[in-house]
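Biologist: I am new to this structure and would like to learn how to read it feature by feature. Could we go through it slowly, with the general idea placed before each case?

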Amino acid sequence: MRPRSDEAASMDVELIEIREFIAAHHPFDMLPDASLEKAAGSLRGLYVRQGKCLFQTDDTVDALYIVRTGALETRDPSGEMLARVGEGETAGAAALLRGGRAVNVVEAIEDSLVYAMPAETFHTLRQHHKQFAYFFQPAGGERLRSGRAVAGQGGPRGSGPAHAHLDLMGIHLGDMLKRAPVTIPPDATIREAGARMSEQSVSCLMVVDPADSGGRAAGILTDRDLRNRVVAKALPYDTPVSEVMTPDPLSLTADDYLFDAMLLMTRHNIRHLPVMKDGKLAGVITNTNLVQTQNTSAVYLVGDIFKRDTAEGMRDALEMVPELILQLVETGASAHNIGHVISSLSDAATVRLMALAEMRLGPAPVPFVWLAAGSQARHEQTARSDQDNCLLMHDSYDETKHGEYFRAFTRMVCDGLNICGYVYCPGEVMAMTDQWRQPLKVWKNYFSKWIDQPDPKSLMLSSVFFDMRPIYGNHALFHDLRAFVLKKTSGSKIFLAYLASNALSRQPPLGFFRNLVMIRGGEHANTLDLKHRGIVPIVDLARVYALDAGSPSVNTLDRLETAQEKGAVSKDGAADLRDAWDFISTMRLRHQALRIRENKRADHYVSLETLSNFERSQLKDAFSVVKTMQGALASAYQTGRM
């Protein structure tokens, strides 16, 4: 075999260097080896002197230019600078996607070495590699969706195979109903009931009065009722079903989640739960459904919490939460689902603490409802955080007669939550604070003042108390307050305008050239604050859209969905924000999981060094979506729409 010439060897070395260079930069780093070799082999080097143009407006562009050394600047026809690109970055893609016609000017602002990739190679790579094609799409929501699809993340409420077994918190009860409820009239005998249960192979019957055209259930009869109320008491078999049934059973709607059913059934020690749709009985969920669908630590952890008799015992059970977050993240559960799981654990701890408080202090002297606020109310908690809660009491509340009871009650619950790891709120937004433990009429006065006099403090409080959800007690009190608030906000254009302006106060960390802007100085220097600069701005936008639409939803994704349906935000805008929220939230959860694994405190400050080029690009797109939608909100406010 004839030895290779020095020239050929030199060309091989140069090709290897080119290949290694482009392989170190996104999106070329995502190409398979064979395609990377072909791409590198197609490149030709060009030296461009400072001040010289690669191409100008209306020129034909026949290559993608990759900067090896130096820097290029893109300007529009009027001379306004649009972007700068440096080592490893590209120019000319937009022109190639337009058929090869340049709209802008690209000039070298330093002596530069660039690699030119022929248009044919560029388009071939786009055609065969989705990752490569995604990178060169216009930035924003569409590119974010494409990138997430490439990465296999799916939608914000996805239930892909990676986490299907963890989807109690993503499955609606309506999706679980496989058959119509088996019913029996209240005047039927228990002999007839037993025969019907055996014939239909069911463990319960819904008792429905044929004369009731509303389709509601008068009661429920279960196999346990037959054992405990009939056999154990030796009742005659001709006893009417109405005498042994459980009247007015607890129920949920078809739109509630399977995890909500698990929580309610565990809390009340029941095995059958009627499901309503449009006000009518649609079916029954049983504990067998839960076991067959889910068998994870999240389910058993809730059950364990309800068995504990002290706050310290609940704290020991909740020590599993960091490990649970790791499990959920690593199996691919969505941020939406993880938020529901973790928030439901907070709910369970709160409910159990209130039950223990009532066992010690006795039943409450007047009706009340305990309300969660903030991220717990939105079902968006991650690692354990500080507590935000308040108490709403019936207007029959009398401070002289009832004040001592509720002070002791709320102190016991808030102290217990602190022991469990949900530390006291730094701003004292807690039910044990006198200001946030008030009867309905006082709460209505609070909201009236905040809405009618939207000063900075009112807007700050609005960001907390417009996100409330009932946890325990008389839910009708909350529904009364919520109806009052929604009616008042729907007609207050001035308040909504102020709220919209406040939503623009937190800008995403994106510079003029779409570069990520790090925190300067301090404990978290050179990191990105994913919570306050990424997630919170989306939460704020969704809140404005929901209130403008008169929506009672508090979960961010639910707010965007209902606001879209009512025309408060465009379909594309809502979809873009949902994808941005899910991606940034998922990044935050992964960051927290890594810190937990390293035995560090979970936070929301991520270093770019821990992110891949793909993840950085996705973050830029997510932040671009937020910035665009903030601009749209500002425009709507300025034009007087709100």
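Biologist: Where does His129 lie, and is His129 buried or exposed?

Modeller: This is a predicted model, and every value we discuss should be read with that in mind. His129 sits in the loop between helix 4 (119-128) and helix 5 (130-135). A residue counts as buried when its relative accessible area is under 20%, and His129, with a relative accessible area of 14%, is therefore buried. Not counting residues up to four places away in sequence, His129 touches Leu31, Pro32 and Ser35.

Biologist: Which peptide bond is cis, and what is its omega?

Modeller: The cis peptide bond is the one that joins His26 and Pro27, and its omega is about 10°. Pro27 has its place in the loop between helix 1 (6-23) and helix 2 (33-42).

Biologist: How should I picture the chain as a whole, and how many helices and strands does it have?

Modeller: The secondary structure comes to 25 helices and 21 strands, and buried residues make up 52% of the 642 residues in the chain. If you take the contacts between residues at least 6 apart in sequence, 72% of them join residues at least 24 apart. The accessible surface comes to about 29700 Å², and 49% of that belongs to carbon and sulfur atoms.

Biologist: What should I look for in the interior, and which residues have the most contacts inside the largest nonpolar core?

Modeller: The general idea is that, in soluble globular proteins, nonpolar side chains tend to be buried together. In this chain the largest nonpolar core has 122 residues, and those with the most contacts inside it are Trp370, Trp443 and Phe465. Helix 15 (residues 335-361) supplies the largest share of this core, namely twelve residues. A second, separate core has 39 residues, including Leu54, Phe55, Leu96 and Ala108.

Biologist: What is Phe465 in contact with?

Modeller: If we leave aside its neighbours within four places in sequence, Phe465 is in contact with Cys390, Val429, Trp436, Trp443, Phe447 and Trp450.

Biologist: Trp436 is on that list, so to speak of it in its own right, where does Trp436 lie?

Modeller: Trp436 lies in the loop between helix 17 (399-420) and strand 18 (437-439), and with a relative accessible area of 4% Trp436 is buried. Trp436 and Cys390 are 46 residues apart along the chain, and their C-alpha atoms are separated by 5.2 Å. Leaving aside neighbours within four places in sequence, the residues in contact with Trp436 include Cys390, Leu391, Glu428, Tyr446 and Leu461.

Biologist: How do I read a helix, and which residues of helix 14 are buried?

Modeller: An α-helix has 3.6 residues a turn, so residues three or four places apart point the same way. In helix 14 (residues 321-330), the residues Val321, Leu324, Ile325, Leu326, Leu328 and Val329 are buried. Helix 14 is followed by Gly332, whose phi is positive, near 85°.

Biologist: How do helix 23 and helix 24 run relative to each other?

Modeller: For a pair of helices one compares the directions of the axes, and an angle over 145 degrees counts as roughly antiparallel. The axes of helix 23 (residues 556-565) and helix 24 (residues 571-597) come within 9 Å and cross at roughly 175°, and the two helices are therefore roughly antiparallel to each other. Among the residues that make the contact are Leu557 and Leu560 of helix 23, and Leu577 and Trp581 of helix 24. By class, this contact has five nonpolar, two polar and three charged residues.

Biologist: Staying with helix 24, what does Met587 touch?

Modeller: Met587 is found in helix 24, and at 4% relative accessibility Met587 counts as buried. Not counting residues up to four places away in sequence, Met587 touches Leu530, Leu611, Glu615 and Leu619. The C-alpha atoms of Met587 and Leu530, 57 residues apart along the chain, are separated by 8.1 Å.

Biologist: Turning to backbone angles, what is the phi of Asn526, and what is the phi of Asn599?

Modeller: Asn526 is a residue other than glycine with a positive phi, near 65°, and Asn599, which is not a glycine, has a positive phi of about 60°. Asn526 is in the loop between helix 21 (493-503) and strand 20 (528-529), and at 55% relative accessibility Asn526 counts as exposed. Asn599 lies in the loop between helix 24 and strand 21 (605-606), and Asn599 is exposed, with a relative accessible area of 74%.

Notes. Residues are numbered from 1 along each chain as its sequence is written. This is a predicted model: local features need pLDDT of at least 70, side-chain atom pairs count only at pLDDT 80 or more; totals for chains, interfaces and linings use all residues. Side-chain values use heavy atoms; hydrogens and water are left out. Helices (H or I, at least four residues) and strands (E, at least two) are DSSP runs, numbered from the N terminus. Buried means under 20% relative accessible area, exposed over 50%, partly exposed in between (1.4 Å probe, protein chains only). Contact means heavy atoms within 4.5 Å. Accessible areas come from the Shrake-Rupley method with a 1.4 Å probe; for residues, only the protein chains shown count as cover. A nonpolar core is a set of buried Ala, Val, Leu, Ile, Met, Phe, Trp, Tyr and Cys residues joined through side-chain atoms within 4.5 Å. Axes are lines fitted to C-alpha atoms, for helices over the stretch in contact, and angles run from 0 to 180 degrees between N-to-C directions. Angles under 35 degrees count as roughly parallel, over 145 as roughly antiparallel, 65 to 115 as roughly perpendicular and the rest as oblique. Ala, Val, Leu, Ile, Met, Phe, Trp, Tyr, Cys and Pro count as nonpolar, Asp, Glu, Lys and Arg as charged, and the others, Gly among them, as polar.
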